[in-house]
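Subject: Structure handover

Hello,

Here is the structure I promised to pass on. Please open it beside this email and follow along.

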Amino acid sequence: QDTSLSPVLNFFPIPVSDECLSSDGRRTGICLNTYECRIQNGKSYGPCALGFGVCCVFTASCGDVIENNVTYFVSPNFPAITRESNSCELEVKKVSPDVSQLRLDFIHFSMGQPNRRTGVCESDTFVIAAGSSRQFSVCGQNSGQHIYFDVEDMTEPITIMMNMSREHTSRLWEIK
């Protein structure tokens, strides 16, 4: 019996655009072959595509670059709370020029509250920006919320920043 063909199965093309549910049922991933998942720094969470692929889940944190459709931006040391008072920034590249919006789902989002009198985010701020012309910012408790951010006609990378200036504030985020 010739078993030399079994390693070749990992190189069958798997539909890259197909989303899948991870084996723990918690996160969504992209169905890829094992090799593609590994070289793109994803983590395999169970089979997909009739067992020919794996549900590849991507996470990113401070300083990373996102280059696919489904990635989870998590706070440093997630799921532990962070109390650092510095900035955390990452870059999002459009996967296609046809992309006109990004959807950001705030699965967990807890950072410093806005000023109680003015409603202005003064100490902690989440900012998503596309060049210098378009940006959105928010702070406080926003778990379970989502936003759509327009990126049509943008050739520049999109930047997501967590600006945290007050020490000893508990922060945690997981944004899809």
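What is the volume of the largest pocket? It comes to about 450 Å³. Please keep in mind that this is a predicted model.

**The largest pocket**

The lining is made of 21 residues. Those closest to the centre of the pocket are Asn-68, Asn-69, Val-70, Leu-102 and Arg-103. Strand S9 covers residues 101-110. With 5 residues, S9 gives the most to this lining. Sorted by class, the lining has 11 nonpolar residues, 6 charged ones and 4 polar ones.

**The second largest pocket**

This one holds about 190 Å³ of space. Its lining includes Gln-40, Asn-41 and Phe-58. Thr-59, Ala-60, Asp-64, Val-65 and Ile-66 are also part of it. So are Glu-67, Asn-68 and Thr-71. Which elements give two or more residues to this lining? They are strand S5 (59-60) and S6. By class, the count is 5 polar, 4 nonpolar and 2 charged residues.

Asn-68 is worth finding on your screen. It is among the residues closest to the centre of the largest pocket, and it also lines the second largest pocket.

**The five-stranded sheet**

Now turn to the strands. Strands of a sheet pair through backbone hydrogen bonds, either parallel or antiparallel. Here, 5 strands form an open sheet. Their order is S6-S8-S13-S10-S11, and the pairing is mixed. Why do S6 and S11 each have one side without a neighbour in the sheet? Strand S6 (65-66) and strand S11 (134-138) stand at the edges, and each has a single partner strand, so one side of each stays without a neighbour.

Start at S6. It pairs with strand S8 (residues 87-92) in the parallel sense, over 2 bridges. Ile-66 has Val-92 in S8 as its bridge partner. You have met Ile-66 already, in the lining of the second largest pocket.

S8 also pairs with strand S13, which covers residues 158-164. These two run antiparallel and are joined by 6 bridges. One bridge links Glu-89 to Met-161 in S13.

Look along S8 and you will see its side chains alternate. Cys-88, Leu-90 and Val-92 point to one face and are buried. Ser-87, Glu-89 and Glu-91 point to the other face and are not buried.

**The four-stranded sheet**

A further open sheet has 4 strands, in the order S1-S2-S4-S3. Its pairing is antiparallel. Strand S1 (19-21) and strand S3 (43-48) are the edge strands, and each pairs on one side only. From one strand to the next, the twist averages 45°.

S1 pairs with strand S2 (residues 28-32) in the antiparallel sense. There are 3 bridges between them. In one of these strands, S2, Gly-29 is the bridge partner of Cys-20.

**A buried charged residue**

Go next to Asp-124. It sits in strand S10, residues 124-130. Is Asp-124 buried or exposed? It is buried, because its relative accessible area is 0% and the cut-off for buried is under 20%. What does its side chain reach? The backbone nitrogen of Gly-112 lies at 2.7 Å from the Asp-124 side chain. The Asp-124 side chain also makes a polar contact with the side chain of Arg-171, at 2.6 Å.

**Backbone details**

Most residues other than glycine have a negative phi, and most peptide bonds are trans. Three places here depart from that pattern.

- The peptide bond from Phe-78 to Pro-79 is cis, with omega near 10°. Pro-79 is in the loop between strand S7 (72-74) and S8.
- Asn-41 has a positive phi of about 65°, although it is not a glycine. Its place is the loop between helix H1 (34-39) and S3. Asn-41 is exposed, with a relative accessible area of 68%.
- Ala-49 has a positive phi of about 50°, and it is not a glycine either. It lies in the loop between S3 and strand S4 (53-57). Ala-49 is partly exposed, at 31% relative accessible area.

Asn-41 brings us back to the pockets, since it is one of the residues lining the second largest pocket.

Best wishes

Conventions. Residues numbered from 1 in each chain as written. Predicted model: local features only at pLDDT ≥ 70, side-chain atom pairs only at ≥ 80, totals over all residues. Heavy atoms only, no water. Pairing = 2+ DSSP bridges. Axes fitted to C-alpha atoms, helices over the stretch in contact; angles between N-to-C directions. Buried < 20%, exposed > 50% of the residue type's maximum accessible area, 1.4 Å probe, protein only. 1 Å grid on protein atoms, 1.4 Å probe; cavity = no way out; pocket = protein on both sides within 12 Å on 5 of 7 lines; lining within 4 Å. Points joined across faces, edges and corners; volume = space filled by probe spheres on them. Nonpolar A, V, L, I, M, F, W, Y, C, P; charged D, E, K, R; others polar. Polar contact = N/O pair within 3.5 Å; in protein donor to acceptor, adjacent residues only side chain to side chain.
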